[in-house]
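Please look at the model below before reading on. The text after it goes through the chains one part at a time.

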Amino acid sequence: MSVDLSQEIAAFRRKKPELITKYGSVWVVFVADEFKGHFPSFQQAAQFALDRHGSERFLIRHTDEPPLQVPLVAVEA
Amino acid sequence: MTWPRSFGPTGPTVMERRALLLRDGCTLDVIIRPDSKSAGAASAPEVLYKTAALIDTGASKVCIDYRIAQKLQLREIDQTTLHVVGGKIEAHLFLGELEVPGVDYRELVEFVAPKVGQLRYEALLGRSFLTNFMVTFDGPAGQVNFMRRTPELLQPYDEG
């Protein structure tokens with residue numbers, strides 16, 4: 001099932017300092033190694049990506065999001 | 001329907017509801033759908049998945065069992081590595097639509113789907129969802145109350 005997003009992720013990492021300088025804390029959309037747009041909310045980024053690039057593979061990522069937190073510890077008595 | 005809206009375990013007495021809330025937490029019924037242009041939606045427009053999602057302020061986003069993402073053929077939009085006790089696990093992020101009928105919520109959201117074994121709950125409603133509401137954990141009453149954030153209610157925060 002996994003999709004290869006390595007090209008998009010590498011492009012995001014290369015451009016990240018520039019994106020932060022230009023746009024600050026925003027959601028960005030990448031298609032292949034091209035930056036396509038920046039948005040204040042995830043919903044706006046997702047709608048843009050679907051409307052313009054719905055048939056393509058794309059990456060949506062925040063420019064300064066902290067690491068994900070997912071509680072995955074369960075203790076059985 | 002008016003606000004606030006209350007959710008929590010059902011039980012004949014407050015004491016029982018209180019004990020159940022302490023033990024199990026609070027869940028909301030959710031409906032998950034692929035985005036309208038994904039492979040899943042294209043092959044079966046009415047495809048959806050219903051489950052009970054645990055309210056979890058310890059999760060930064062909405063999390064789902066990765067098998068739900070597989071079943072619905074959700075569109076993968078990012079990948080990351082989670083550092084957890086005992087090592088690292090791969091997590092894939094998917095685009096999909098989350099509907100929570102109890103609080104009139106229906107939006108495109110980012111779902112985190114860690115590749116782990118069976119979870120007690122198939123979905124967690126993390127802070128990316130909770131940020132849309134004012135939520136009160138009323139332990140003594142055995143319930144959780146949701147208030148919608150309206151523009152008027154947001155104003156003092158936005159101006160501060």
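What follows describes a predicted model, beginning with chain A, going on to the contact with chain B, and ending with the backbone of both chains.

Chain A has two helices and three strands. Along the sequence these elements come in the pattern α-β-β-α-β. The chain is more spread out than a compact globule, because its radius of gyration is 15 Å, well over the 11 Å that the globule rule gives for 77 residues. Taken along the principal axes, the box filled by the C-alpha atoms of chain A is roughly 50 × 30 × 25 Å. Of the 77 residues in chain A, 21% are buried. Among the contacts in chain A with a separation of 6 or more, 46% join residues that are 24 or more positions apart.

Chain A also touches chain B. The contact involves 23 residues of chain A and 28 residues of chain B. On the side of chain A that touches chain B, helix H2 (42–53) and strand E3 (59–62) of chain A each provide at least two residues. H2(A) gives the most to this side, with five residues. By residue type, this side of chain A consists of 16 nonpolar residues, six polar ones and one charged one.

Within chain B, one part to look at is an open sheet. Three strands of chain B form this sheet in the order E1-E10-E9, with antiparallel pairing. E1 and E9 of chain B are the edge strands, as each pairs on one side only. From one strand to the next, the twist averages 25°.

The two pairings in the sheet can be followed separately. E1(B) and E10(B) are antiparallel and pair over three bridges. In this pairing Ser6(B) stands opposite Asn145(B) in E10(B). Strand E9 (residues 133–138) of chain B pairs with strand E10 (residues 143–148) of chain B over six bridges, also in the antiparallel sense. Here Phe133(B) is opposite Arg148(B) in E10(B). E9(B) and E10(B) form a hairpin with four residues between the strands, and Gly142(B) in this hairpin takes a positive phi near 70°.

The last topic is the backbone. Most residues other than glycine have a negative phi, and most peptide bonds are trans. Which residues and bonds of this kind stand out in the two chains? In chain A, Ala32(A) is not a glycine, yet has a positive phi of about 50°. Ala32(A) sits in the loop between strand E1 (27–31) and strand E2 (34–39) of chain A. With 13 other C-beta atoms within 10 Å, Ala32(A) counts as partly exposed, because a residue is exposed at 12 or fewer and buried at 20 or more.

In chain B, Gln73(B) is a residue other than glycine with a positive phi, near 55°. Its place is the loop between helix H3 (66–72) and strand E5 (75–84) of chain B. Gln73(B) is partly exposed, with 19 other C-beta atoms within 10 Å.

The peptide bond from Trp3(B) to Pro4(B) is cis, and its omega is near 0°. Pro4(B) belongs to the segment before strand E1 (5–7) of chain B. That strand, E1(B), is one of the edge strands of the open sheet described above.

How values were computed:
Residues are numbered from 1 along each chain as its sequence is written. Chains are lettered from A and ligands numbered from 1 in the order in which they are written. This is a predicted model: local features need pLDDT of at least 70, side-chain atom pairs count only at pLDDT 80 or more; totals for chains, interfaces and linings use all residues. The radius of gyration is taken over C-alpha atoms; the globule rule is 2.2 Å times the number of residues to the power 0.38. Two residues are in contact if their C-beta atoms, placed from the backbone, lie within 7 Å. Ala, Val, Leu, Ile, Met, Phe, Trp, Tyr, Cys and Pro count as nonpolar, Asp, Glu, Lys and Arg as charged, and the others, Gly among them, as polar. Two strands pair if DSSP finds at least two bridges between them. Axes are lines fitted to C-alpha atoms, for helices over the stretch in contact, and angles run from 0 to 180 degrees between N-to-C directions.
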